[in-house]
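Student: I am new to this structure and would love a close look at one part of it. Could you walk me through the sheet and what surrounds it?

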Amino acid sequence: MADYKLEEGLDKKVKTFRERGTGGHVMVLKIDNGKGEIQEVETMTGKSPADMAEYFDESNEPRYMLYIHTLKHADGRGAQLWRQPQRR
């Protein structure tokens, strides 16, 4: 399994994205095997999961996304969901 590094400055962008993003914020990433790095393609706001499914259906290249979803409870409370894989 190959090790990939983040493109310069991407670690700070991801941290800012996680801290300031609200529901519907998306960061699209790709892996550049030639350079051995993960690169940002674009950042979008106000997107639903259905919008993103359409976006990825139109792409011919593998892409990955970070997506922030806001969960709204019936009593008005809200929570933002973020999942980060565990390091091995």
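Student: To set the scene, what percentage of the 88 residues of the chain count as buried? After that, please take me through the open sheet of four strands.

Tutor: Happy to! Please keep in mind that this is a predicted model. Of the chain's 88 residues, 22% count as buried. The chain has two helices and six strands, and along the sequence they follow the pattern β-α-β-β-α-β-β-β.

Now for the sheet itself. Four strands make up an open sheet in the order 1-3-2-4, and their pairing is mixed. Its edges are strand 1 (5–6) and strand 4 (64–67), each of which pairs on one side only.

Let us cross the sheet, starting at strand 1. Strand 1 pairs with strand 3 in the parallel sense, over two bridges. You can find this pairing by looking for Leu6, which stands opposite Ile38 in strand 3.

Next comes the pairing of strand 3 with strand 2. These two strands run antiparallel and are joined by seven bridges. A good landmark here is Met27, with Thr43 of strand 3 standing opposite. Strand 2 and strand 3 also form a hairpin with four residues between the strands, and in this hairpin Gly36 takes a positive phi near 70 degrees.

The last step leads from strand 2 (residues 26–32) to strand 4; this pair is antiparallel too, with four bridges. Look for Val26, which stands opposite Tyr67 in strand 4. Val26 is also a handy point from which to find His69: their C-alpha atoms are separated by 9.4 Å, although the two residues are 43 apart along the chain. His69 belongs to strand 5 (residues 69–72). With a relative accessibility of 34%, His69 counts as partly exposed, because buried would mean under 20% and exposed over 50%.

With the strands in place, we can turn to the charged side chains. Side chains of opposite charge can pair when their charged atoms come close. A search of the whole structure finds two salt bridges. One of them involves the sheet: Glu40 forms a salt bridge with Lys13, with 3.0 Å between the closest N and O atoms. This pair links distant parts of the chain, since Glu40 lies in strand 3 (residues 37–44) and Lys13 in helix 1 (residues 10–20), 27 residues apart. Glu40 is partly exposed at 21% relative accessible area, and Lys13 is partly exposed as well, at 42%.

The side chains of Glu61 and Arg63 also meet in a salt bridge, at 3.2 Å from N to O. Here Glu61 has a relative accessible area of 47%, so this residue counts as partly exposed.

Finally, have a look at helix 2 (residues 49–58), where you will find Asp51. On the surface, Asp51 gathers with Glu54, Asp57 and Glu58 in a patch of negative charge. Asp51 counts as partly exposed, with 37% relative accessibility.

To retrace the route, follow the order 1-3-2-4 across the open sheet: the parallel pairing of strand 1 and strand 3, then the antiparallel pairing of strand 2 and strand 3, and then the antiparallel pairing of strand 2 and strand 4. From strand 3, the salt bridge of Glu40 with Lys13 takes you over to helix 1.

Key:
Residues are numbered from 1 along each chain as its sequence is written. This is a predicted model: local features need pLDDT of at least 70, side-chain atom pairs count only at pLDDT 80 or more; totals for chains, interfaces and linings use all residues. Side-chain values use heavy atoms; hydrogens and water are left out. Patches are made of residues with over 30% relative accessible area and no salt bridge: like charges are joined within 9 Å, nonpolar side chains (Val, Leu, Ile, Met, Phe, Trp, Tyr) within 5 Å. Accessible areas come from the Shrake-Rupley method with a 1.4 Å probe; for residues, only the protein chains shown count as cover. A salt bridge is a side-chain nitrogen of Lys or Arg within 4 Å of a carboxyl oxygen of Asp or Glu. Lys and Arg count as positive and Asp and Glu as negative; His and the chain ends are not counted. The place of a charge is taken as NZ of Lys, CZ of Arg, CG of Asp or CD of Glu. Buried means under 20% relative accessible area, exposed over 50%, partly exposed in between (1.4 Å probe, protein chains only). Two strands pair if DSSP finds at least two bridges between them.
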